[in-house]
Amino acid sequence: MQPKLEANATKTTRSRPTHVRHVVLALTVVAYMITYMDRQILATARPVIRQELGISLVMMGWITFGFRIAYALFQIPGGWLGDRFGARRALALIVTWWSMFTCFTGLAWNAVSMLNIQVLFGLGEAGAFPIATRSLARWMRPTERGFAQGVTHAGSRLGAALTPPLVVLIIAVYGWRAAFFVFGALGVVWAAVWFSYYRDTPEEHSSVNAAERELIGSGKKRSNVVPWRQILSHGNLWILALMYFCYNYNLNVYNDWFPSYLRESRGLSLAQMGFYASLPLFAGTLGDLAGGWFSDVVLRRTSNVNLARRWVAIAGFLLSAAATVPATLAHNPKLSVAFYCVAFFGLEWTVGISWAIPLDIGGDYAGSVSAVMNTFGNIGGAISSTVVTYMATLYGWNAPFMMTAVLCLIAAAFYLKIDASRRIAI
């Protein structure tokens with residue numbers, strides 16, 4: 001009898017791990033795609049909406065600012081929601097919320113209604129990235145975190161890249177309002193699938209076998225009390241947050257204003273704008289994948305988390321700064337877009353690494369750590385909404401993009417001080 005028991009134990013130990021963590025990662029990628037799809041609708045349809053509703057460029061900047069500042073201010077409450085109640089319930093709730101307001105955007109009738117809807121949209125979407133980061137904290141091994149964050153952010157950029165041509169097509173056939181209804185419905189469907197499949201820990205998921213649980217290395221129970229004192233007293237957190245301010249300012253220059261730049265500065269038609277606005281976003285998708293993957297390769301080979309996070313990210317910021325200068329100065333629109341693709345690739349090379357650091361230093365409380373980082377980032381994004389429109393009006397469209405090169409250099413300098421090996425003492 002004893003040999004039989006030992007054989008069964010050996011069989012269990014040697015069984016192949018299940019792949020539930022990969023399904024969880026795939027669902028998270030789709031969530032990131034939807035967040036940027038829903039944002040990119042307005043960026044793409046903005047010229048048509050401005051014409052139909054009579055909204056000035058500066059007023060459209062304030063509408064975008066309303067979304068961004070609500071999104072920024074509710075990052076910490078959103079991250080707390082995920083850490084307190086679990087990613088399963090929290091993420092399903094907020095995705096349903098913002099999807100409803102995506103649909104409501106299609107009902108806007110003037111600038112004031114658009115502003116109010118966008119503020120409520122931003123409030124709901126604020127918890128998306130912190131809670132999604134929390135959702136992966138118990139499912140991804142340390143040496144998979146950079147790649148996981150790279151893949152998820154690649155999903156967001158891919159969603160943003162796919163959206164302009166789709167929105168242009170929907171506008172041409174059904175009008176701009178229909179685009180918001182279609183993409184809003186997509187989010188509601190995702191929320192139902194997420195709540196049905198996802199569980200907050202591998203131990204709670206019936207499809208995870210013992211081999212996968214051992215591979216992930218989960219097991220301990222965590223407190224629902226978020227240790228804010230320890231989190232906020234961690235010096236590296238504030239350097240990380242300032243770096244992400246610079247990054248997110250630059251990101252939103254591309255996400256919010258690159259289609260308008262192509263239309264108003266480079267003179268492209270609506271159809272051309274839909275195509276060329278997608279190209280830097282596709283390049284950014286590759287940057288997300290490559291940066292996170294390369295960071296994890298360095299970590300596996302050297303076991304030096306600072307080499308893997310700090311220096312790999314600095315290289316991306318320097319590349320972005322270097323490519324932005326010829327992009328703005330090139331006279332040929334196609335050559336300009338090609339350089340912008342390189343610049344955005346370099347910028348996005350850094351993002352998976354930046355989001356891996358909250359997992360490195362925050363562990364189970366990565367949702368709250370990343371919420372603080374993303375709050376500062378989206379304050380930068382909110383500020384960019386108004387600064388870009390005023391700079392473009394006063395000095396032309398090249399000025400806002402040259403500023404992104406300066407901010408890349410500042411972000412690289414901040415990265416020199418970030419120590420991903422210093423975990424928050426909990």
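# Cysteines, charges and rings in a helical chain

Cys341 is buried, at a relative accessible area of 15% (buried is under 20%, exposed over 50%, partly exposed in between; 1.4 Å probe, protein chains only). The model is predicted, so local features need pLDDT of at least 70 and side-chain atom pairs pLDDT 80 or more, while totals for chains, interfaces and linings use all residues. Residues are numbered from 1 along each chain as its sequence is written, and side-chain values use heavy atoms, without hydrogens or water.

A search of the whole structure finds 0 disulfides (cysteine sulfur pairs within 2.5 Å). Cys341 is in no disulfide, and its nearest cysteine sulfur, in Cys408, is 15 Å away. Cys408 is also buried, with 0% relative accessibility. The closest cysteine sulfur to that of Cys408 belongs to Cys246, at 8.6 Å, which is too far for a bond.

The structure holds 5 salt bridges (a Lys or Arg side-chain nitrogen within 4 Å of an Asp or Glu carboxyl oxygen). The table gives some of them, with helices as DSSP runs of H or I, at least four residues long, numbered from the N terminus.

| Salt bridge | N to O distance | Helices | Separation in sequence |
|---|---|---|---|
| Arg39 and Glu125 | 2.6 Å | α2 (residues 20–53) and α6 (residues 111–125) | 86 residues |
| Glu52 and Arg177 | 3.5 Å | α2 and α9 (residues 176–197) | 125 residues |
| Arg68 and Asp256 | 2.8 Å | α3 (residues 57–73) and α12 (residues 235–264) | 188 residues |

The accessibilities of these partners are as follows. Arg39 is buried at 8%, and Glu125 is buried at 0%. Glu52 is partly exposed, with a relative accessibility of 47%, and Arg177 is partly exposed at 26%. Arg68 is buried, at 1%, as is Asp256, at 4%.

The structure holds 28 aromatic pairs (Phe, Tyr or six-membered Trp rings with centres within 6.5 Å; stacked under 30 degrees between planes, edge-to-face over 60, tilted for the rest). Trp139 and Tyr198 form a tilted pair, with 6.3 Å between centres and 45 degrees between planes. This pair links distant parts of the chain: Trp139 is in the loop between α7 (128–137) and α8 (145–174), and Tyr198, 59 residues away in sequence, is in the loop between α9 and α10 (210–216). Trp139 is buried at 0% relative accessibility, and Tyr198 is buried at 1%.

Tyr254 and Phe401 form an edge-to-face pair, 5.8 Å centre to centre and with 80 degrees between the planes. Tyr254 lies in helix α12 and Phe401 in helix α19 (residues 398–415), so the pair ties together parts 147 residues apart in sequence. Both residues are buried: Tyr254 has a relative accessible area of 4% and Phe401 one of 0%. The two also belong to a cluster linked by ring pairs, whose other members are Phe258, Tyr261, Tyr340, Phe344 and Trp397.

Arginines also sit over rings (for Lys NZ or Arg CZ, within 6 Å of the ring centre and within 35 degrees of the ring normal). The charged end of Arg46 is over the ring of Trp257, 4.4 Å from its centre. Arg88 lies over the face of Phe195, with 4.0 Å to the ring centre.

Technical notes: Helices (H or I, at least four residues) and strands (E, at least two) are DSSP runs, numbered from the N terminus.
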